[in-house]
Amino acid sequence: MDIKSGEKTKYVAKTREELFKLEAKKKSKAGHVWDRIITFLPALMGIIHLVEYYYMPNHANNANTHVYGIFIGVLTIVCLIAAIVGFFSEKIYYKFRYKAPFFTFVYLILMGYDILTLKTGTLIMPYFPWVDLVFNAAIADRAYLLDCVKNSLILLFTGYGIGVALGIITGIACGYSKKVRYWIEPFIKLLGPIPSTTWLPLVMVLMSSLFKGAVFIIALGVWFSVTIATITGITNINREFFFAAKTLGAKENQLITKIAIPSALPSILQGMTQGMSSACTSLLVAEMLGVESGLGWYITWQKSWAEFPKMYAAIVIICLVFIVVNWLLNRVKKSLLKWQEAA
């Protein structure tokens, strides 16, 4: 059966909620009850974790505060509210029912780590601080950490923006013109297999500042990902579209702006997503080896002083920042590709 790509995308986007509804119709009463119990498992595990945190004796001279307890308590209340709201909202119920087992697993990991560090000392200090120490370290050094986050984001988006812009321009030129591709493609094949961070020692010497060198390293990795994705997107366009547009009187610049770029947009956005992963890796390496501010630099600095709680705090913040950045990128991607769902 011939299925249009737009119809297929629209169908796939709806399948999770519809799948739960279809499965619910086939389940017995006991199955429905079990599903409801599963939605309350994260809150139950949160309560068990709190009991373990406050009432299980600490190892030796280990001490804890209420900071981590408040954090777990707030998460547990949120999970409990979501489970209760699920009785009145099908949308909330299906979403939370799908994620509840994973949330329960996260609580198990946190509780297991707490037992291995704070409660039993199986994982010894200073290499494995318990979570409460990490939270308190982040709070104590919050001003410095926020400044490092700001500097890391400035460096990340400067390099990423330059890499994306140059990648789209290069990709369109190579994908649309065989002459341009003849001259540029050998350099793409040469630079592509080499990780951008390999050039870091040379770039740091040649550039007038460490910041510019780090921007170049980040932009180089992004440029390659976006260029390849753009070339792929444009070369896969049905050539009949260009012939039809020319027949209707379209000019060369209109062929690019009205046909080439919109048709290649899914591939370009995929390349931008891959480029962000490359940019994040290059960012950390550049900061650890050369740049004098940022989260990567902060991790190296704290590690050299054996301040492992602060080091782990920065690692957690890096993970959260990258999750937020990728989430925003996916939201932009989804917004720009709405036409696929409507097709």
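**Aromatic pairs, buried helix positions and a nonpolar pocket**

At 61% relative accessibility, Trp-183 counts as exposed, because the cut-off for that class is over 50%. The model is a predicted one, and this tryptophan makes a friendly starting point for a tour of its aromatic residues. Tyr-182 is likewise classed as exposed, with a relative accessibility of 59%.

A search of the whole structure yields 16 aromatic pairs. One of these brings together Tyr-144 and Trp-297, whose ring centres are 6.1 Å apart and whose planes meet at 50°, so the pair is tilted. Tyr-144 belongs to helix H6 (residues 142-176) and Trp-297 to helix H12 (residues 295-304), so the pair ties together parts that lie 153 residues apart in sequence. Tyr-144 is partly exposed at 33% relative accessibility, and Trp-297 is partly exposed at 21%. Tyr-182 and Trp-183 form an edge-to-face pair, with 5.1 Å from centre to centre and 85° between the planes.

Ring pairs also join Tyr-53, Tyr-54, Tyr-68, Phe-71 and Phe-135 into a cluster. Elsewhere, aromatic rings meet a positive partner: the charged end of Arg-36 sits over the ring of Phe-87, 4.5 Å from its centre, and Arg-36 also lies over the face of Tyr-93, at 4.0 Å from the ring centre.

Two members of the cluster, Phe-71 and Phe-135, lead on to the largest pocket. Along with Leu-110, Val-131 and Val-316, Phe-71 and Phe-135 lie nearest the centre of this pocket, which is lined by 23 residues. The space within the largest pocket comes to about 810 Å³. Its lining has 23 nonpolar residues, with no polar and no charged ones. Helices H3 (66-85), H4 (90-119), H5 (131-140) and H13 (308-336) each contribute at least two residues to that lining.

Helix H3 also holds Thr-76. With a relative accessibility of 7%, Thr-76 counts as buried, since buried means under 20%. Beyond its neighbours within four places in sequence, Thr-76 touches Ala-43, Gly-46, Ile-47 and Tyr-107.

A further buried position is found in helix H9 (residues 210-235), which contains Val-226. The relative accessibility of Val-226 is 0%, so this valine counts as buried. Its contacts, leaving aside neighbours within four places in sequence, are Val-164, Gly-167, Ile-168, Gly-271 and Met-272. The C-alpha atom of Val-226 is separated by 8.7 Å from that of Thr-273, a residue 47 places away along the chain.

Key:
Residues are numbered from 1 along each chain as its sequence is written. This is a predicted model: local features need pLDDT of at least 70, side-chain atom pairs count only at pLDDT 80 or more; totals for chains, interfaces and linings use all residues. Side-chain values use heavy atoms; hydrogens and water are left out. On a 1 Å grid over the protein atoms alone, a cavity is a set of points where a 1.4 Å probe fits but cannot get out, and a pocket is an open set with protein on both sides within 12 Å along at least five of seven lines; lining residues have an atom within 4 Å of a point. Grid points are joined across faces, edges and corners, and a volume is the space filled by probe spheres set on the points. Helices (H or I, at least four residues) and strands (E, at least two) are DSSP runs, numbered from the N terminus. Ala, Val, Leu, Ile, Met, Phe, Trp, Tyr, Cys and Pro count as nonpolar, Asp, Glu, Lys and Arg as charged, and the others, Gly among them, as polar. Buried means under 20% relative accessible area, exposed over 50%, partly exposed in between (1.4 Å probe, protein chains only). Contact means heavy atoms within 4.5 Å. Rings of Phe, Tyr and Trp (its six-membered ring) pair if their centres lie within 6.5 Å; planes under 30 degrees apart count as stacked, over 60 as edge-to-face and the rest as tilted. A charge sits over a ring if NZ of Lys or CZ of Arg is within 6 Å of the ring centre and within 35 degrees of the ring normal.
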